[in-house]
Amino acid sequence: MEYTRLGGSGLKVSRIVLGCMSFGDRSRGYDDWALDDTAAEPIFRQAVDLGITFWDTANTYGYGSSEEIVGRAIRRYTRREDIVLATKVFFPMHDGPGGSGLSRKAIMEQIDASLARLGTDYVDLYQIHRLDPEVPAEETMEALHDVVKAGKVRYLGASSMWAWQFAKLQYTADLGGWTRFISMQNQYSLMQREDERELFALLADQGVGSIPWSPLGKGRLTRPWGERTTRGDVDTLMQQRYTEEADKPIADAVQRVAEARGLPMAQVALAWVLRNPVVTAPIVGATKPHHLADAVAALDVELTDDEVDALEAPYTPRLPTGFS
């Protein structure tokens, strides 16, 4: 495993993030492909064995059950001080005024609820899952600063928004003398590269690290196009975001490069993401043992210029997705 600093901060993280959206309690109406404690145990143990110390979840994953599973896993398979633990706030948890969004009430209520579910008194990285346009930037940034000063949060991160919106939040923090964001969790893969236009330049200028979500296109870049999976059959977001006309040529290019190199497609697609100097650590949502093994192996894959050209050539401009 390789380790690096997250953006310009002093926080040291593994270059692969264990994404924990795959863990949850199906009895709460969560996804059919979610893993409970027993099914997730091999994944957590493998993460520990591979040195993956950066674990990312959210209050909304599994309607709170992902945080509960992650908290139990930390106590069972590792030590709290060995894990960089990240969670998020924004999406609805209940219908009350503090159940969603980024108001002071919501942030204060939801950080306490997350800490209780995780079984810890602090999280290392607290991220706004999306921008809340209904709340003044000053209210959000001051409230986030206050949870940092209270010792409940060590660092702040953001996720999925336009570059100008992120710049506004950082500037607001500076004006108020409040804590800035050190990371941006944005969608980035060979199938979604729109953040290359403005956001990555802003992150580089501001010393903010990118921890991309869906670096493998929700699995579309890990197998030949058209090969079906259980998650692919039920995940409506996957069906909406990736289309045959725009994305099949990209997956085909990954398959050709992978076959020529004798590597799994996942390693090639992830190696391409890792090449970007702004990317600190892509998030890998594992449900099978080979998912994490391929992710770690991708750290050692060096793509040639010709391979990069072949992988990037089929891309066509498109609208960013996942901002809401």
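Reader: Why is the pairing of Asp37 with Arg72 called a salt bridge?

Author: The closest N and O atoms of Asp37 and Arg72 are 2.9 Å apart. A salt bridge requires a side-chain nitrogen of Lys or Arg within 4 Å of a carboxyl oxygen of Asp or Glu, and the pair therefore qualifies. The model is predicted, so local features need pLDDT of at least 70 and side-chain atom pairs pLDDT 80 or more, whereas totals for chains, interfaces and linings use all residues. Residues are numbered from 1 along each chain as its sequence is written, and side-chain values use heavy atoms, with hydrogens and water left out.

Reader: What makes Asp37 and Arg72 distant parts of the chain?

Author: Asp37 belongs to helix H1 and Arg72 to helix H2, 35 residues apart. Helices here are DSSP runs (H or I, at least four residues), as strands are (E, at least two), numbered from the N terminus.

Reader: Are Asp37 and Arg72 buried or exposed?

Author: Asp37 has a relative accessible area of 22%, and Arg72 has 26%. Buried means under 20%, exposed over 50% and partly exposed in between (1.4 Å probe, protein chains only), so both Asp37 and Arg72 count as partly exposed. Salt bridges that share partners also join Asp37, Arg72 and Arg76 into one network.

Reader: Why are H1 and H2 described as oblique to each other?

Author: The axes of H1 (residues 37–50) and H2 (residues 65–77) come within 10 Å and cross at roughly 55°. Under 35 degrees would be roughly parallel, over 145 roughly antiparallel and 65 to 115 roughly perpendicular, the rest being oblique; the two helices are therefore oblique. Their crossing is right-handed.

Reader: Which residues of H1 and H2 meet?

Author: From H1, Asp37, Glu41, Phe44, Arg45 and Val48 meet Ile69, Val70, Arg72, Ala73, Arg76 and Tyr77 of H2, contact being heavy atoms within 4.5 Å. By class, this contact has six nonpolar, no polar and five charged residues.

Reader: How do you know that Glu41 and Arg45 are separated by about one helical turn?

Author: Glu41 and Arg45 are four residues apart in H1, which means about one helical turn. Their side chains meet in a salt bridge at 2.8 Å, N to O. Glu41, at 28% relative accessible area, is partly exposed, and so is Arg45, at 42%.

Reader: What makes the salt bridge of Asp112 and Lys152 a tie between parts of the chain?

Author: Asp112 lies in helix H3 (residues 104–118) and Lys152 in the loop between helix H4 (137–149) and strand S7 (153–159), so the pair links parts 40 residues apart in sequence. The N to O distance is 2.8 Å. Asp112, at 38% relative accessible area, is partly exposed, as is Lys152, at 25%. A search of the whole structure finds 18 salt bridges.

Reader: Why is His145 called buried or exposed?

Author: The relative accessibility of His145 is 15%, so this residue counts as buried. His145 is found in H4 and touches Leu156, Gly177, Trp178 and Thr179, not counting residues up to four places away in sequence.

Reader: What is the phi of Tyr63, and what is the phi of Ser160?

Author: Phi of Tyr63 is near 55°, a positive value in a residue other than glycine. Phi of Ser160 is near 50°, likewise positive in a residue other than glycine. Tyr63 is placed in the loop between strand S4 (54–56) and H2, and at 47% relative accessibility counts as partly exposed. Ser160 lies in the loop between S7 and helix H5 (163–176), and with a relative accessible area of 1% is buried.

Definitions and conventions: Axes fitted to C-alpha atoms, helices over the stretch in contact; angles between N-to-C directions. Left-handed = near helix turned anticlockwise from the far one by under 90°. Nonpolar A, V, L, I, M, F, W, Y, C, P; charged D, E, K, R; others polar.
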